[in-house]
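Some labels in a structural description rest on a cut-off, and it helps to see how each value is set against it. The questions below take up such labels one at a time.

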Amino acid sequence: MAVPPIPTSTWDTLENVFYRKEEVYTMSWDISDLSDYLIAAAKNGGAIAMMRDERKVMLLGKHSSGRPKIYVYTSSGVLITTLTWDLSPPILLHFTSEGLLVLSDEGTYRLYDLSDPRSFNQYTFGSEVNEQGLVSAKGYEDGLVVLTGSLQFMEVRGWKGGRASPMASSGLSEPPHSWALVPPDQSASGHIEILVSTGSTVITLDALERIDQRVSRGPFSHILLSPNGHFLALITATGLLWVVSADFGRNYSEVDISGFGGDHEGEGGGVPENAQWCGDNAVVLGWAGRVVVVSPHGETLEYTYFPSAFLVGELDGLRIISTTNCEFLQKVPDPTLAVFKPGSSHPAAILYDALDHFDKKSPKADESIRSIRADLPSAVDTCIEAAGRETEVYYQRRLLKAAQFGRAFMDLFNPTDFVSMGQTLKVLNAVRYFEIGIPITYEQYMASSPSFLISQLVSRNHHLLALRVSQHLGLRPDPVLKHWASAKIARARGQDATEDEVICGAIVDKFEKEGEKGVSYAEIAKKSFELGRIKLATMLLDHEPRAAQQVPLLLQMKEVKIALTKAIDSGDTDLVYHVLLHLRSSMSPGDFFHLLDDSISPNLSPAVRLLQVYARQGDRQLLRDFYYQDDRRTESACLEMEEAGSESDPDKRVEHLRQAAKYFGESKDRIFESKMTDDAHRLLSLELSLEREMDHKFQFTGLSVNDLISRLLVEGLSKRAERVRADWKVSDKRWWWIKIKALAQNKDWDGLEVFAKSKKSPIGYEPFVTHLLSLTPPQPTHAVSFVPRCDPKNRTDLYVRCGEWGKAAESAKERGDRAKLEQLRRSAPNGIAQREVDEVVKRMTK
Amino acid sequence: MAASQAIAGPSRPIPARLNPPPAPSTSGDSESTAAQPVEKGLEVGVLKELAREALIESLNDIQGAKTLILDPALAGPLGLITEITLLKHQAVDKLFWLEPGPLSVSTRNVVWLCRPKLSHMRTIAEQIRSQQSSPAAAGPLVYTILLVPRATELCRKVLEDEGVAGDINISEFRMEFVPLEEDLLSMEMEDVARDIFLNGDDTPIFYSSLALMTFQRAFGLFPRILGKGDGARKLSDLLQRHYTAGDAQYAELETSDQVDSLIILDRSVDWVTPMCTQLTYEGMLDEYVGIRNGHIEVDPALLETDKSPAPTPGSTLPPAQPTKKRKHHLSGQKDKLLADIRDLNFAIVGSRLSKLARRLEGDYGGVKNLKSVSEMKQFVGKISGLQSEQQNLRLHTGLTEQLMAITKTDEFDRSLEAQQNIVAGYDTTAQLVTIDDLLSRQIPWASVLRIAVLLSLTNGGIKPKPLEAFKRDFLQVYGYHHLPLLVSLESLNLLVKSPTSAPHPFPALRKSLRLVVDDIDDAAPNDISYVYSGYAPLSVRLVQCVTQKNTILSTAASVGDINEERDGRGRKTLPRAHPILGWRGFEDVLASIPGPTVDVRQKVSAGRHDINGIDSTTTVVFFLGGCTYTEIAALRWMSKQTKGRRFLIATTGIINGTTLLESFGDKPPVALHT
């Protein structure tokens, strides 16, 4: 094998910094001039979308008929797909992680799936924007920002057709000279920001406020944010390249570029047509085919492409796409520099050298290793790192071999980095192959993520490679399989049943062979349904283990009963509600109730109960209809009771109660309840009439029978209280309690005495004592008079509770209870009580 | 009472403060005293962190100053996750309660944080419309709703119907388990038993399954799931489905090596326990003072008076109710005295408090005997600890006095006697008389009703005649608006005519699970039945069927051991917990209780899960539909009886018989305008 040219052959220096420009691909397309096109390129070595620029076409007179087409190529110039554009001229082509966004100047945008050009989602910015039109737009990873005809910036987050929300008012009176977008992950606030060049200054906008940065060097034709978000490059109309910190706080560099653009005769020049950062280190300017790399102090590297070049800023460098080549320009990465820089004395360089000597069987190998013994670990690590930065497989191998060689001289070595670098390079080399055409660098791969790369591959229908990469990296294969299955269905031609079975069989086979659990059949079934393959959709849906996933599609397929059953089975009540609400809005009430008749389908009863829960809060009339239709009298009655309780108008409450009694009465098992509701109704009516009778001096309504009697007694209306008592057949026991409490509340001690003597108390006399003691403040002097009427064996304790220690002792003595007396003597507090007890004890012992 | 005297009038003056007072706090903040239990449980604090971060992230996603409108029902649970005042760091300018009425907003963002209730959605829609009809000066407002724990279709639908769906961003804040203590996780949901068992709305079961999945993501897959009851079965099925259906976030779950099983107890399996009056200190507090979200409302005098009040949550919130009482966080981590007494039978709390009072008195007295500067220094170092201890002592003494007054009443005595007789199955007719008697006295309605329900549950219903008489009188005494509640209790089989067709296993269980224990010593308990002075909660007995089989079959033979262990002398080692063997030995008992019995192994792990191989394992007991403080106390007590197994209690919320019955009825009627 011929040894490829040494790495340094592509190096150049710019202000003592090494840059390298490597040719990645020779383009396999046939395009004569890139400047005829509107071009967008995806980051991280992604695809290139191009569309003929209408204005230029006119100019050049190469008028092509028919609808404009958008061509999507790989970075190597292989055509991926062609899209037909039938809306008003686009102002933005932008690659999202999943596909291509095309935005028309009337505010309508489409998100294309590259693997299937016929399928796209279309969203719009609304009618207002439609009328005003859009001036310009920019996208970032998770959304886009547009400038409307009324010079208002609007932001859309995500790619799901989210609502456009206006940013703070721009205050512009004419379109800005230029503007730039600061993505949320690079802005200080964590939210999206816009930098706008207007007049001589720059203003910063976010959703809330507008800040004038008070610079006076504008207007600026370009505002460029460096990949790490720390620097801004601004280009003035007078040809000054000015680099400042992102907050405008620090000046880094000023270069006069007015002369750079001219060719040898001094023609052209002026403001560059194109400008990009090359990593975070240099700014690259483009004038048609002329590309100039500018260092902070104004040194330059110049390249020429004919007739034009397109620049794609990357995280770690710059992709230059011309009609013939795809090249990558970057500052030489540090590990590479350490190994290959001419005259490098870095241990890694010595290690790399030592490998050469070793291969030549030269003793110098040993000498070299000895000289870097202490630094071997770092030398090995650097070689591994440098391997990642090489695109030539030869040097990748060589560097890894050097690392391996160095490792042999180490006592301890953690092979993780070595192994994962090997693994990564295998993936990178595979996708860089020109047919795949993704020239992603190691840095870009680490910054994006393997799953990003995989989604790139599947969107280009490289399913097998994507699957192998997933497996190689130990990632879940589901996304790949899902995409593959959808694509397979989309491409199927035949429409007959056997074809369906073949496809379904192939998909199930593949899923079971390659996928772990977790591949969603429902999503594929949905795709199938959308493509009109309903039979296949049903077949696929049967394989879906998660009921919840099946429901939306079943609804779409109008399989309502199955959908409802599946929703119930899922145990997710919200899903049941989802189905119920869908049915409620799409069916007639009669059909709806019929479907839910759980005497016919008992397995639907959970849904019926949920419907009641919902209707109770959200749709009373529905609930009433349902209960009525279903002969649920008890529920109807309870509903009336509940409504009676929330009704503050007495007459309406009476009406609800009457209605409740009627419903209860219609059920033969609810005679008791019917009677009670009737009583409730009667009571409220009585209370109302009592109030009227007393000219509304008192409020009786809402009281229970007990409380009404009590209130009447307290208010001195005992005749009426008696009548209520008789009407409601209140037991003697309860009557006595109510009356004791009422009399005590009125402090009617005489009345209490009279009442106690009126007849033999059905509750005994202890309640008189205990109740009087429980009042605040307690009434022991009144209470004590009832103690003699209590059960003798409790008297002692009752006296004690009244504080009458002497009497307590007496009563104990009367019963001859010495033990009790002794206990009294011990527990009596000091003073009079003690003496009283002692006296009784003394008399007893006499 | 001795304890209160020790505080109100110590014989020696308390030395003036030598240290600046500890930072103001409404919760006793002694971090000293009382040694930690030797065996450490799971680090459940991580769940709290997760919830806190999720909340902060949700708020930070909204750019600019925010007005936060908070569902009052969430204030308590949120307060357990983060201090609500700290939300200011997330640019929360103002806090309001979510209630009907127009907004006054001066920020660009309005954020509602609420449960996904339809009535809330209507209130919000109303507020947005009124705001839009008179636009704010600040320009158009940005509206966001954060629904807890999930954004539901129903809410979206209501907002759509109200015509505001397009103006509002709907998002969710996944608040699941809130760690109330190191061994107690609660979802702090309300009325779960009503939703599941009365209304047949299984939403809480689904939420529980999500919470338990999150738990498993943190601590590994439960090797075994046991349970009893319809709801338990549904929940266990859901857990397995989440795991096996291949949801990516659960796909990588490994079998836990810290948890040996999950035991799910469905509240419908045991209604008896919550109907009984709880007799532990904390249980009594809940019954008679009320504990909500770990907070209790107390007379400010019981908390330290000379500190500026810092009411929770957040002083910018207007008080939800105009009460002078102050909220106090009952936390065993901050208040060691509480940790000490919360699970004791109330009968011995008084003496425990006076013991502490005497010790404190002695400690303060120590100042007289200080001989050297170093002794003095030591004493000063102790003082702040003493002060917070004293503060805690004052609080608990005050609360104990309040409870003591209740326990001394005739009504309390008679209710308790009736309950104990009913549970033991003595003389049903006599208990009916007691019920009638309590009704005549018009004691709080729930207290009477709990006894009646208890009678119906243990007795297989009540004869039609006395039942009807009871209901009639009950409605007359407390009002006819309770009628739907009585209907609900009937449909739940909680208050039914005898003979009933529904199974009533209680009489048989009384024997087979030894639910009634006569000779229980409240001070030195040898059985969980101490929490009800003689009744062992059925629910917890079921846990013992799985984890401590021998204790059910015989009166604990290890009484002596336990006492010795408590004395700390001749410290005998505790018996080792036996491994989880499922319901073995109790299959017939389980079969006699209605509802399916659950016993599934989730993933066969390579090595058999052997309790002897591991120092200590945790058994998670999940109460679907809520649990009482007594059940918590009983499980904590069980944790201390064996070596090698801790119980971690998880629940949808904390309930008692009264809150349970209240949830089954309608809201009290509104006042009439006459």
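A helix here is a DSSP run of type H or I with at least four residues, numbered from the N terminus. The model is predicted.

Q: What makes A:K526 and A:E530 a pair within one helix, and how far apart in sequence are they?
A: Both residues lie in helix α14 of chain A, which covers residues 521-530, and they are four residues apart, about one turn of the helix.

Q: Why is the contact between A:K526 and A:E530 called a salt bridge?
A: The rule asks for a side-chain nitrogen of Lys or Arg within 4 Å of a carboxyl oxygen of Asp or Glu. The closest N and O atoms of A:K526 and A:E530 are 2.9 Å apart, so the pair meets the rule.

Q: Why are A:K526 and A:E530 called partly exposed?
A: Partly exposed is the class between under 20%, which is buried, and over 50%, which is exposed. A:K526 has a relative accessible area of 35% and A:E530 has 48%, and therefore both count as partly exposed.

Q: Which class, buried or partly exposed, applies to A:E643, and which to A:R620?
A: A:E643 has a relative accessibility of 11%, which is under 20%, so A:E643 counts as buried. A:R620, at 24%, is partly exposed because this value lies between the two cut-offs. These two residues form a salt bridge with their closest N and O atoms 2.9 Å apart, and the pair links helix α22 with helix α21 of chain A across 23 residues. Both also belong to a network of salt bridges that includes A:R616, A:R624 and A:E642.

Q: What makes the pair of A:E327 and A:K21 a link between distant parts of the chain?
A: Their side chains meet in a salt bridge at 3.0 Å, N to O, while A:E327 sits in strand β29 and A:K21 in strand β2 of chain A, 306 residues apart. A:E327 counts as buried because its relative accessibility of 10% is under 20%.

Q: How do you know that a salt bridge joins B:E490 and A:R670?
A: Their side chains come to 3.2 Å, N to O, which is within 4 Å and therefore satisfies the rule. The count between chain A and chain B is four salt bridges, and the area buried between these chains is about 5400 Å², with 55% from carbon and sulfur atoms.

Conventions
Residues numbered from 1 in each chain as written. Chains lettered and ligands numbered in written order. Predicted model: local features only at pLDDT ≥ 70, side-chain atom pairs only at ≥ 80, totals over all residues. Heavy atoms only, no water. Buried area = accessible area lost by both parts, 1.4 Å probe. Helix = DSSP H or I, 4+ residues; strand = E, 2+ residues; numbered from the N terminus. Buried < 20%, exposed > 50% of the residue type's maximum accessible area, 1.4 Å probe, protein only.
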